[in-house]
Amino acid sequence: MTSTQITLHIGAPKTGSSSVQGFLKSNHKLLQQYGLFYPTGEDHPALAVSPHHHLLVHALTPMMQHWFDFPPSEAHRILMKILADAKSDPDTKQILLSHEMLYNNIERIDANVLKDLVGQDPVRILVYARRLDDWNESLYRQFIWGRLQPRSTVHHGQKIPMIQNTPHVREMEARGVRFVAEAYCRMLPQAEFIVRPYSAFRIGDGVIPDFLKALDLPHQEILANAAPQERLNQSRPVALTILLWHLQQTELPTDVIFRVSRAGLKMARHTKPPMEIESRDYRFLPPEYAQQALKIYTEDVNQFPSLAVDGCLTPWDNAVPAELTRDEQKRVFDWLAPKLQSDDLDAVASVLA
């Protein structure tokens, strides 16, 4: 059996991973024509639950037990069989496994299982890095939206706390990309660690082309034959998100706020151009944290010269909500009003009053 390149795409979180994984899953047969094997539900039913490779995380850590009705050892066995079958195909040049939880849960990874999975094959670990002041705002919005789902832990009268993180995760993220690289290099000494700045595809062709280029694949040719890309992560207006945060601090019932969020999502999908107030430059971090990000970024650049100026993923902490002016609140409300039920209109209007 010849050697096969194994690539682990480990995120980081909020750097376009879901869009990449959705593309890889939708086009896995096309990519096989270029020698890239991306396991999907067609290879095993346990991989059908998500375009993310939850099965991989389940094999390596105790994090995903709630997704599966079998233990990590069985996930390990399934993956070993899938990888062995892929390697036996002479057309397979590269195997790609992807999950962003492999970035911020390093200390939970079973190094022996990871070594067993990759074997003696050449390994490269791909991570996208994002600067603190940019990354934190995205996490903050995700935090708010994640608390507005019908089956979330938010109940009537309960308020969303300020963003917090565990000391363990804060410490890990504070050590930055360098810590992640060193941890993987200890587990997989043969691994090549590749850092690409999140900003690269923002100012370039986009996340999918940049990702394909990182894998040394002909991105233009592949994209010309790829299935239409689904918009997995719909953009939501920043102003709406901040408004929802403030509404959640009131005594509004959760179901009202949820309907406001759903209405805003529908509006965000169909409004062209986006809301004018979305262009406002909201900042979620006090200046001292931006300075801290720059300091850590500078240290990481010395370790990883491939990082561009806008490319550091560093700690986030103590995020504070930006304030909407009363006029901006009213403009968001007027924008949403056609999509809201009358009772919801009255409830939200009473808060804004």
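**Reading charges and cores in a predicted model**

Modeller: Let's start with one pair: the side chains of Glu100 and Gln21 are joined by a polar contact of 3.1 Å. Keep in mind that this is a predicted model.

Biologist: Fine. Where does Glu100 sit?

Modeller: Glu100 belongs to the loop between β3 (94-98) and α5 (101-104).

Biologist: How far away is the nearest side chain of opposite charge to Glu100?

Modeller: The general idea first: side chains of opposite charge can pair when their charged atoms come close. For Glu100, that nearest side chain is Lys14, 8.4 Å away. Glu100 is buried, yet has no salt bridge. Besides Gln21, there's His52, whose side chain makes a polar contact of 3.2 Å with that of Glu100. Leaving aside neighbours within four places in sequence, the contacts of Glu100 include Ile10, Pro13 and Ser17.

Biologist: So what does a salt bridge look like here, and how many are there?

Modeller: The count comes to ten. Take Asp121 and Lys87, whose side chains meet in one at 2.5 Å, N to O. Asp121 is in the loop between α6 (111-118) and β4 (123-129) while Lys87 is in helix α4 (residues 72-88), so this pair ties together parts 34 residues apart in sequence.

Biologist: Are Asp121 and Lys87 buried or exposed?

Modeller: Asp121 counts as buried because its relative accessibility is 9%, and Lys87, at 13%, counts as buried too.

Biologist: Which residues are joined into one network by salt bridges that share partners?

Modeller: Look at Arg259. One salt bridge links Asp255 and Arg259, with the closest N and O atoms 3.9 Å apart. These two are four residues apart in helix α14 (residues 254-270), which means about one helical turn separates them. Asp255 is partly exposed, at 40% relative accessibility, and Arg259 is partly exposed at 29%. Arg259 also meets Asp344 in a salt bridge of 2.6 Å, N to O. Since Asp344 lies in helix α17 and Arg259 in helix α14, that pair ties together parts 85 residues apart in sequence. Asp344 is buried, with a relative accessible area of 1%. The network therefore consists of Asp255, Arg259 and Asp344, joined by salt bridges that share partners.

Biologist: Which residues of α17 are buried?

Modeller: In α17 (residues 342-352) they're Asp344, Ala347, Val348 and Leu352. They cover an arc of only 135° around the axis, so they lie on the same side of the helix. The face turned away from that side carries the exposed residues Asp343 and Asp346.

Biologist: And the nonpolar core: which residues touch the most other members?

Modeller: In general, nonpolar side chains in soluble globular proteins tend to be buried together. Here the largest nonpolar core has 45 residues, and Ile10, Leu55, Ile125, Tyr184, Leu188 and Phe193 touch the most other members. Sequence neighbours within four places aside, Ile125 has contacts that include Leu8, Ile10, Tyr184 and Ala191. A second, separate core of 22 residues includes Val238, Ala239, Ile242 and Val256.

Biologist: How many helices and strands does the chain have?

Modeller: There are 17 helices and five strands. Of the 353 residues, 53% count as buried. As for contacts between residues at least 6 apart in sequence, 79% join residues at least 24 apart.

Methods:
Residues are numbered from 1 along each chain as its sequence is written. This is a predicted model: local features need pLDDT of at least 70, side-chain atom pairs count only at pLDDT 80 or more; totals for chains, interfaces and linings use all residues. Side-chain values use heavy atoms; hydrogens and water are left out. Buried means under 20% relative accessible area, exposed over 50%, partly exposed in between (1.4 Å probe, protein chains only). Lys and Arg count as positive and Asp and Glu as negative; His and the chain ends are not counted. A salt bridge is a side-chain nitrogen of Lys or Arg within 4 Å of a carboxyl oxygen of Asp or Glu. A polar contact is a pair of N or O atoms within 3.5 Å; within protein, one must be able to donate a hydrogen and the other to accept it, and residues adjacent in sequence count only if both atoms are side-chain atoms. Contact means heavy atoms within 4.5 Å. A nonpolar core is a set of buried Ala, Val, Leu, Ile, Met, Phe, Trp, Tyr and Cys residues joined through side-chain atoms within 4.5 Å. The arc is that of the directions from the helix axis to the C-beta atoms.
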